[in-house]
Structure formats: structure tokens, C-alpha cells
Amino acid sequence: MSARPAQLPHWIEIGVLPILNVLLALIVAGLILWTIGANPFEAIVFLVKGAFGSGYAWGYTLYYATSFIFTGLAVAVAFHAGLFNIGGEGQAVIGGLGAGVVALAFDHILPAPILVPLAILASCVFGAAWAIVPAYLQAYRGSHIVITTIMFNFLAASLMVYLLVDVFRDAGQMSTQSRTFTEAATLPEIAAVFGWFGIKIPSTPLNLSIVWALICCALVTVFIWRSRLGYEIRATGLSPRAAIYAGIKPAHVTLIAMAISGALAGCVGVNEILGVQHRLLLEFVAGAGFTGIAVALMGRNHPFGIILASILFGALYQGGAELAFEIPTVTREMIITIQGLIILFSGALAYMNRPWVERIYLWLAAPRAGEVPSHG
């Protein structure tokens, strides 16, 4: 009799199971749409066309996905260390503040090839610094990381309000925003980049920060699974006592993992502040920090899975807006309900389908009954 495997193959864990969860969520969402008089199949068509039906739709979907990649990676790195970082929203706010401060200070002095990398570095440093404090409180004072990171979200929002009202607000205007950056402190749109090579695509908020997001995915993959420090992070997350026995210091790992997590979340500011808004303003994160939790769960805390999950949630944001426009009975709240169902099935019910999927896999992988090995 063949022994049960300790775990399913990776392609099932990060591919098949999340897809099944999404399909179940869409089925339940379809039933809800049917009860309010909307045609579920028509709604799905509008949602898919709104997210992927044109170059314009793709641009917006990938623009939303870029921020979700950053926050999804942030949650994943912390989770590998056994930490549940709920503070991505606040860390993204402070990361955007870092990018904005550098842009406002040097956009009339430094050229773009120097200023943009410096602003990206600032977003990482500010995000990491904001995450280090709750990490220290857990590692050396026993405070729970979930509580402190949630509290720091509110602190970040309040700090940004104060700074935009009393420090960075452009003179002579009532709106809570800074002055617009010069061109030296902005990331070009992907449409403009394609235009340099004579290729015309629709203008959307999608900008070069998506390249940085994909680079971060590659860096996280190498770091977590191919480096000594990544091994220490995973070992600590799996068993802190065993890690201590192996000479690993969990407190040290907590600080490092949360710093990297905060730096990744801070990169949301690269997408929004440098790539789209081109000024400091309130609420530019727009919930991406919390969506990153669902993205990491759905992507099984693996960068490749996070990319796919980010595209899915980007499609829900963009396609949902088109769906609400085409079918008036489907309100914005209904779109949020669909997103919530996907989070529910990918988070709390993530392993609901695992038993029967595992049974099918074992049945297909098992040798045929009665098969006798040949002897020479």
C-alpha cells in the first residue's frame, strides 16, 4: 500500500486549489446575483470584458495588480517567519511619504536617473522603519504583532493627515495635497515607454513600477528559498523552538522579516505616488494593504501565486467597475461582496477542497492494481 504524501505537489497547492476556491466563490456570487434579478452569466461576461477585453482594460487591471503584488509579498515574507503582518496599509502610507519627501526635496535638483532610484529606496526605508517598531515590541516586549500593526495603520493615517495639512500642503490651496512633482520625480507610463519604440497602446495609470514589482518577486523567491537568512526565516516560522535549538535567534529573525515586509509594502508608494498621482495626498493606498492579505493567502505565500492572485483582484477591481456600470442592479457593494466571497473561500475555507483533491491525486498517482514488476 502506498503511503500518503506529506503534501500535495506544489502545482496543486498554488495552482489547482486556489482556482477551485475561486470557482466556488464565483458560483456562490452567481447565485446571489440571480436572487437580485441579474443574469449571472451576463455579469461574468461584463466582468471579464471589463478586466481583459481591451488594452485599456488590461492597463487598469495590471495597475491595480501592481500594488497588490507589493502588499501580497509583504504579507508572505512575514508569514514565512510565523508573523501575521496586518500593517501593510500603514506601511504603504509611510512608504509613499518617504518617496514623496525625497521627490519634493530634490525634484528641482537631481535628474530622474538619480532621483527615481533614491525615491524608491526611501519608500523601502520608510516602510521598513514603520514595521520595525511593532516587530521590536513583539520580539523584546511580548506585544502581539497583529494588535500593534493594526494600531500602526491608524497612526500612519493620522500622521499623514497632520503632515499634509500643516507641513506639505501647497500654499494657496485648500485640498490636502502637496504640490505636483516635476517630471524628474515621476515614473513614466507603460504607454509612454511603448511609444518610445513606436508602439501605440492606450494611456492608463500602468507605469514602470510593475517592472519593479516583478523584480521584487524574483528577489523574494531567491531570498526565501535560496539564502541562509531565508532558511532561518522559514525555520523560525515552522518551529521557533527547533530554530532556537539550531542556533537561530527568533527575535533577530522577527526584526529582519518585518523590516523586509514593511519595505515591500512601502513600495505601493512607488506605484501610486511616483507613477500615478505625482504628489503626496491622502488615502492613496485605498485598501491595498488589506487586499494584500487575501492575495498572499490565495497565492500560498509564493511569489508566482501572488502574481496570479494580484491579477485576479486587479480584474475584480477593474471588471467590477465595468459590471456596475453595465448592470445598474449590481452596485459597488455587490462587487465588494464578490471580493469578500473570494477572500472567504481562499482564506477561511482555503483547504475545504483539499481532501477530495488529494484522494483523486493519490488514485491517479498510485500504481495499477495487480501490476507485477518484471524480473530479468
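Contact means heavy atoms within 4.5 Å. The model is predicted: local features need pLDDT of at least 70, side-chain atom pairs count only at pLDDT 80 or more, and totals for chains, interfaces and linings use all residues. Residues are numbered from 1 along each chain as its sequence is written, and side-chain values use heavy atoms, with hydrogens and water left out.

**Exercise 1. The core**

Task: Find which residues have the most contacts inside the largest nonpolar core, and which helix gives the most to it.

Solution:
- Start with the term. A nonpolar core is a set of buried Ala, Val, Leu, Ile, Met, Phe, Trp, Tyr and Cys residues joined through side-chain atoms within 4.5 Å. Buried means under 20% relative accessible area, exposed over 50%, partly exposed in between (1.4 Å probe, protein chains only).
- The largest such core holds 96 residues; Leu73, Leu274, Phe313 and Val330 have the most contacts inside it.
- Helix 5 (residues 112-141) gives the most, with 10 residues. Helices here are DSSP runs (H or I, at least four residues), numbered from the N terminus.
- Now take Leu274. Leaving aside residues up to four places away in sequence, Leu274 touches Ala99, Ala103, Ala119, Ile120, Phe181, Ala185, Thr186, Leu187 and Gly269.

**Exercise 2. A helix pair**

Task: Describe how helix 3 and helix 14 cross.

Solution:
- The axes of helix 3 (residues 55-80) and helix 14 (residues 303-326) come within 7 Å and cross at roughly 135 degrees.
- Helix 3 and helix 14 are therefore oblique to each other. Angles under 35 degrees count as roughly parallel, over 145 as roughly antiparallel, 65 to 115 as roughly perpendicular and the rest as oblique.
- Check the partners. Residues of helix 3, including Phe68 and Leu73, meet residues of helix 14, including Phe313 and Tyr317.
- By class, this contact has 16 nonpolar, five polar and no charged residues.

**Exercise 3. Loop residues**

Task: Is Thr204 buried or exposed? Which residues before helix 14 have a positive phi?

Solution:
- Thr204 sits in the loop between helix 7 (190-196) and helix 8 (209-226).
- Thr204 is buried, at a relative accessible area of 7%.
- Beyond four places in sequence, Thr204 touches Tyr56, Gly59, Tyr60 and Glu189.
- Move to the loop between helix 13 (288-298) and helix 14, where Arg300 is found. Asn301 lies in that loop too.
- Most residues other than glycine have a negative phi. Arg300 has a positive phi, near 55 degrees. Asn301 has a positive phi of about 60 degrees.
- Arg300 is buried, with a relative accessible area of 13%. Asn301 is buried at 12%.

Key
Helices (H or I, at least four residues) and strands (E, at least two) are DSSP runs, numbered from the N terminus. Axes are lines fitted to C-alpha atoms, for helices over the stretch in contact, and angles run from 0 to 180 degrees between N-to-C directions. Ala, Val, Leu, Ile, Met, Phe, Trp, Tyr, Cys and Pro count as nonpolar, Asp, Glu, Lys and Arg as charged, and the others, Gly among them, as polar.
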